[in-house]
Amino acid sequence: MQATVGDRLLVHGKNVGLADKHGEIIEVRGDNGAPPYLVRFADGHEGLVFPGPDCVVERVTGS
């Protein structure tokens, strides 16, 4: 998995009824876009994320 600052991280809910989480990648701490990522989630909290198989990087393209 590779990402750049500004991309969005989608974390799928692991159980039925558990909502997905969306966040913006604000820092990439691995080499060449690799995890871990510092992510600011929609509710305002920030966390260091080591993405698993339930995560997807949504690329943000410039205009």
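**Note on a predicted five-stranded model**

1. Glu27 is found in strand S2, which covers residues 21-28. The model is a predicted one, and Glu27 is a convenient place to enter it. Its relative accessible area is 33%, so Glu27 counts as partly exposed. Leaving out residues up to four places away in sequence, Glu27 touches Val5, Pro36, Tyr37 and Leu38. Val5 lies 22 residues from Glu27 along the chain, yet the two C-alpha atoms are separated by 5.7 Å.

2. Glu27 also takes part in a salt bridge. Its side chain meets that of Arg29, with 3.0 Å from N to O. Arg29 has a relative accessible area of 45% and is therefore partly exposed.

3. How are the strands arranged? The 5 strands form an open sheet in the order S4-S3-S2-S1-S5, with antiparallel pairing. The edge strands are S4 (46-49) and S5, each of which pairs on one side only. On average, neighbouring strands of this sheet are turned by 35 degrees against each other, direction ignored. As background, strands of a sheet pair through backbone hydrogen bonds, either parallel or antiparallel.

4. The individual pairings can be followed strand by strand. S2 and S3 run antiparallel and are joined by 5 bridges; here Ile25 has Val39 in S3 as its bridge partner. S1 and S2 are also antiparallel, with 4 bridges between them, and Leu10 stands opposite His22 in S2. S1 is joined to S5 by 4 bridges, again antiparallel. Two of the residues matched there are Arg8, whose bridge partner in S5 is Glu58, and Val11, whose bridge partner in S5 is Cys55.

5. Which residues of S5 lie on its covered face, and which on its uncovered face? Cys55 and Val57 are on the covered face, while Val56 and Glu58 are on the uncovered one. The general background is that in a regular strand the side chains alternate between the two faces of the sheet.

6. Both covered residues of S5, Cys55 and Val57, belong to the largest nonpolar core. This core has 10 residues in all: Ala3, Leu9, Val11, Ile25, Tyr37, Val39, Phe41, Val49, Cys55 and Val57. The elements that give two or more residues to the core are S1, S3 (37-41) and S5. S3 gives the most, with 3 residues. A general tendency is worth keeping in mind: in soluble globular proteins, nonpolar side chains tend to be buried together.

7. Tyr37, one of the core residues, has a long list of contacts to go through. Not counting residues up to four places away in sequence, Tyr37 touches Met1, Gln2, Ala3, Ile25, Glu27, Val28, Gly47, Leu48, Val49 and Pro51. Of these, Ala3, Ile25 and Val49 are also listed in the core. The contact with Glu27 leads back to the residue in point 1.

8. How many salt bridges does the structure hold? There are 3. Besides the pair in point 2, one joins the side chains of Asp7 and Arg59, at 3.3 Å from N to O. This pair links distant parts of the chain: Asp7 is in the segment before S1 (8-11), Arg59 is in the segment after S5 (55-58), and the two are 52 residues apart. Asp7 has a relative accessible area of 2%, which means that this charged partner is buried, the cut-off being under 20%.

9. The remaining salt bridge is between the side chains of Arg40 and Glu46, at 3.0 Å from N to O. Is each partner buried, exposed or partly exposed? Arg40 is partly exposed, because its relative accessible area is 38%. Glu46 is likewise partly exposed, at 43%.

10. Asp54 is placed in the loop between S4 and S5. Its relative accessible area is 18%, so Asp54 counts as buried. Apart from neighbours within four places in sequence, Asp54 is in contact with Leu10, Val11, His12 and Lys14. One of these contacts, Val11, is also the residue whose bridge partner in S5 is Cys55.

11. A last point concerns annotation. UniProt, in an unreviewed entry, lists residues 1-57 as "domain: DUF1918". Over residues 1-57 the chain is 0% helix and 42% strand. The C-alpha atoms at the two ends of this stretch are 8 Å apart.

Terms used:
Residues numbered from 1 in each chain as written. Predicted model: local features only at pLDDT ≥ 70, side-chain atom pairs only at ≥ 80, totals over all residues. Heavy atoms only, no water. Salt bridge = Lys/Arg side-chain N within 4 Å of Asp/Glu carboxyl O. Buried < 20%, exposed > 50% of the residue type's maximum accessible area, 1.4 Å probe, protein only. UniProt positions renumbered as here; feature names shortened; annotations may be inferred. Pairing = 2+ DSSP bridges. Core = buried A, V, L, I, M, F, W, Y, C linked by side-chain atoms within 4.5 Å. Contact = heavy atoms within 4.5 Å. Axes fitted to C-alpha atoms, helices over the stretch in contact; angles between N-to-C directions.
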